[in-house]
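Hi,

Here's the structure I said I'd pass along. Have a look at it first, and my notes on what turned up are underneath.

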Amino acid sequence: MNQQRTGAHGGMETSFGFQDVGDGEKQARVNDVFHRVAKRYDVMNDLMSGGLHRVWKDSMIAWLSPSKTANWKVLDVAGGTGDIAFRIIEASNRNAHATVLDINGSMLGVGRDRAEKKGLADNTEFVEANAEELPFADASFDAYTIAFGIRNVPHIDRALSEAFRVLKPGGRFLCLEFSEVELPILDKVYDAWSFNAIPKIGKAVTGDADSYQYLVESIRKFPRQADFAEMIRKAGFERVSWRNFSGGIAALHSGWRL
């Protein structure tokens with residue numbers, strides 16, 4: 001078991017939570033986790049964040065400030081349930097078009113159903129594909145968003161390079177992810193809650209403790225804010241910055257393709 005955070009040099013590709021796995025093994029294991037939790041994904045985020053993920057996502061959309069003109073296109077990666085995409089479309093007065101990409105078909109199935117119920121099917125497209133190999137032409141999108149998904153991508157550097165490639169010049173990259181708590185007392189409280197309570201609550205709510213254990217551990221393996229920002233810069237992005245939410249429980253990272 002390796003409980004140390006990975007850094008800007010990488011390492012998430014061989015990390016399944018605190019378990020070391022072979023390069024190439026992680027994706028199948030992550031897929032299995034999300035097949036099991038797809039229908040309870042929003043409940044999962046409520047458990048992981050105490051419900052605060054909804055506030056953080058609203059702040060993400062506000063910082064993105066989607067255009068209200070027609071033909072503005074966003075790619076939302078690892079967003080199968082549509083949570084971010086639907087927020088973006090509504091913020092654009094239903095003018096934006098969102099392509100929701102996820103490697104997990106179960107998650108996409110939830111998103112398609114939700115889009116129909118919300119009357120947003122005409123504004124959305126759902127694509128099953130890998131964030132490391134996007135099936136889109138260069139300079140296809142005005143914005144790229146990913147929320148609580150990039151830590152589950154084995155080769156984060158490849159995903160960031162692909163994000164840069166498919167963005168138009170002047171395009172925006174935004175990534176919301178659980179991060180390192182920077183307040184001395186809050187970090188201990190959050191650790192105790194995460195490791196002791198979340199897997200037990202996950203088992204009580206869904207009958208599945210192991211998936212929640214992985215998700216808690218994956219948060220602790222993800223690079224610190226400054227290290228992840230360096231990875232974004234290495235991919236070619238400029239004007240890279242981040243904002244901490246709730247003392248660093250989550251961080252919103254921004255970069256531009258200029």
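Gly 50 counts as exposed, because its relative accessibility of 63% is over the 50% cut-off. You'll find Gly 50 in the loop that links helix H2 (41-49) to helix H3 (53-64). Measuring across to Ala 85, which is 35 residues away along the chain, the C-alpha atoms are 22 Å apart. Do keep in mind for everything here that this is a predicted model.

At the other end of the scale is Ser 211, in helix H8 (residues 210-221). With 0% relative accessibility, Ser 211 counts as buried. What does Ser 211 touch, once neighbours within four places in sequence are left aside? The contacts are Val 33, Arg 36 and Val 37.

Now the sheet. It is an open one built from seven strands, and reading across it the order goes E5-E4-E3-E6-E7-E9-E8, with mixed pairing. The edges are taken by strand E5 (124-128) and strand E8 (238-245); each has a single partner strand, so one side of each has no neighbour in the sheet. Going from one strand to the next, the twist averages 15°. As a reminder, strands in a sheet pair through backbone hydrogen bonds, and the pairing can be parallel or antiparallel.

One pair I looked at is strand E7 (residues 167-178) with strand E9 (residues 250-257): they run antiparallel and are joined by eight bridges. If you want a spot to zoom in on, Gly 171 has Arg 257 in E9 as its bridge partner.

Next, a helix pair. Which way do H6 and H9 lie relative to each other, and how close do their axes come? Helix H6 (residues 156-166) and helix H9 (residues 225-234) have axes that come within 9 Å and cross at roughly 50°. That angle falls between the 35 degrees below which a pair counts as roughly parallel and the 65 degrees where roughly perpendicular begins, so H6 and H9 are oblique to each other. The crossing of H6 past H9 is right-handed. On the H6 side the contact is made by Ile 156, Asp 157 and Leu 160, while H9 brings Phe 228, Met 231 and Ile 232. By type, the residues of that contact are five nonpolar, one charged and no polar.

H6 has other partners too. Its buried residues are Ile 156, Ala 159, Leu 160, Glu 162, Ala 163, Phe 164 and Val 166. These buried residues of H6 pack against strand E3 (73-77), strand E6 (141-147), E7, H9 and E9, so the helix section and the sheet section above are worth viewing together.

Finally, two backbone angles to look at. Arg 94 isn't a glycine, yet its phi is positive at about 65°. Arg 94 sits in the loop between helix H4 (83-91) and strand E4 (97-102). Is Arg 94 buried, exposed or partly exposed? Its relative accessibility is 38%, so Arg 94 counts as partly exposed. Phe 148 is the other residue: its phi is near 55°, again a positive value in a residue other than glycine. Phe 148 belongs to the loop between E6 and H6, and with a relative accessible area of 2% it counts as buried because that is under 20%.

Cheers

Notes: Residues numbered from 1 in each chain as written. Predicted model: local features only at pLDDT ≥ 70, side-chain atom pairs only at ≥ 80, totals over all residues. Heavy atoms only, no water. Pairing = 2+ DSSP bridges. Helix = DSSP H or I, 4+ residues; strand = E, 2+ residues; numbered from the N terminus. Axes fitted to C-alpha atoms, helices over the stretch in contact; angles between N-to-C directions. Parallel < 35°, antiparallel > 145°, perpendicular 65-115°, else oblique. Left-handed = near helix turned anticlockwise from the far one by under 90°. Contact = heavy atoms within 4.5 Å. Nonpolar A, V, L, I, M, F, W, Y, C, P; charged D, E, K, R; others polar. Buried < 20%, exposed > 50% of the residue type's maximum accessible area, 1.4 Å probe, protein only.
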